[in-house]
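Reader: I've just opened this one and could use a hand. Could we go through it together?

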Amino acid sequence: MTAQATIEVKELTSALGAEIRGLDLSAPLSDTDTTAIRQAWLDHQVLVFRDQHLTDAQLTDFSRHFGDLDSVPGWEPFSPAGHPNVLIISNVQKDGATIGVLGDGEASWHTDMSYLDQPPPGSLLYSLEVPETGGDTCFMSMYAALDALPPDLRRAIEGRLLNHDSSHDSAGNLRSNHTAFEDVSTAPGARHPIIRIHPETGRPALFLGRRLHAWVVGETVEASDTLLDQVWEHCTREEFTYRHRWQAGDLLMWDNRCTMHRRDPFDAQARRIMHRTQLKGDAAVEAATLA
Ligand code: SIN
């Protein structure tokens, strides 16, 4: 007899997001539940698991069910000792230095590390301490945004490549070992089709990375900015989004191939500590995203 999955999937919005109930992620995960979670992730793009109690080893083990893990180049000092695939995202200071990255400011809409040739297909974020207010993370469905794109705008971006700047993080800071530039058409980074095919679902999705320093390859900077402003204005409508209000013990898992996310700022005096893992990109899978 085939084992039944134990999970319950509760849709959060019609565009994206589902809460997964009935699982303690610190316990070993069955193959049946792994398959059910993966299917829910593909169907809903962002999964929410509440009330979890995970060590870094358990977070790493759970994440590995969905692929090999990667670390973020340049941010290696912000991993807990002995857990190189876990990145601390935090504003908390210890001995005069911050224990994590991204501080307390806004992180603008982005897809994780889209500036790589093989960006991470998915990311997982686990909350240990959260402020009472602020610091919400919002997600956008890039399937829904593309499906509703006016046809003339869709024609204007079809078959076009976008340059994804690698020199700034999602808080807008210049990364170490990078130099500032004036002309976005000279920005370092990776080029991806603006519309990509999701390699597992076969659905087309917008792939925008970040607005700051993006450039539509082959356009003048002015024409590129005009086109991107129109696409971004369309995408950032609330109907394509899900807002997550964090509680300690939440684990979120999102699909970078069909979502973007952003984070609200929060009170600098409040403490916010999150631990993140991310799945490793793959050249063969990436080739399947070409629209
Ligand atoms: C991120 O952009 O990966 C972090 C989001 C957050 O801090 O909520």
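Author: Here are some questions and answers on the fold and the charged side chains of this predicted model.

Reader: How many helices and strands does the protein have?
Author: Let's start with the secondary structure. Going along the chain, you'll meet both kinds of element, and the tally is six helices and 20 strands.

Reader: What is the radius of gyration of the protein, and why does it count as compact as a globular protein of that length?
Author: For 291 residues, the globule rule gives 19 Å. The protein comes out close to that, so it is as compact as a globular protein of that length. Its own radius of gyration is 19 Å.

Reader: What share of the residues is buried?
Author: A residue goes in the buried group when its relative accessible area is under 20%. Out of the 291 residues in the protein, the buried share is 53%.

Reader: Among contacts between residues at least 6 apart in sequence, what share joins residues at least 24 apart?
Author: Here we leave out pairs that sit under 6 apart in sequence. Of the contacts that remain, the share joining residues at least 24 apart is 79%.

Reader: How far apart do the centres of the positive and negative side chains lie?
Author: There are 25 positive side chains and 42 negative ones. Take the centre of each set, and the distance between the two is 1 Å.

Reader: How many salt bridges are there?
Author: Side chains of opposite charge can pair when their charged atoms come close. The cut-off here is a nitrogen of Lys or Arg within 4 Å of a carboxyl oxygen of Asp or Glu. With that rule, the count is 21.

Reader: Is Glu 19 buried or exposed?
Author: Glu 19 forms a salt bridge with Arg 21, at 3.4 Å from N to O. Arg 21 is partly exposed, at 32% relative accessible area. Glu 19 has just 13%, and buried means under 20%, so Glu 19 is buried.

Reader: Which residue does Asp 264 meet in a salt bridge?
Author: Asp 264 sits in the loop between strand S19 and strand S20, and its partner is in strand S17, 21 residues apart. Asp 264 counts as buried at 14% relative accessibility, while the partner counts as partly exposed at 34%. Their N to O distance is 2.6 Å, and the partner is Arg 243.

Reader: Which residues are linked with Asp 264 and Arg 243 in a network of salt bridges?
Author: That pair belongs to a wider set of linked side chains. Besides Asp 264 and Arg 243, the network holds Glu 106, Asp 136, Arg 245 and Arg 262.

How values were computed:
Residues numbered from 1 in each chain as written. Predicted model: local features only at pLDDT ≥ 70, side-chain atom pairs only at ≥ 80, totals over all residues. Heavy atoms only, no water. Helix = DSSP H or I, 4+ residues; strand = E, 2+ residues; numbered from the N terminus. Rg over C-alpha atoms; globule rule 2.2 N^0.38 Å. Buried < 20%, exposed > 50% of the residue type's maximum accessible area, 1.4 Å probe, protein only. Contact = heavy atoms within 4.5 Å. Lys, Arg positive; Asp, Glu negative; His and termini not counted. Charge placed at Lys NZ, Arg CZ, Asp CG, Glu CD.
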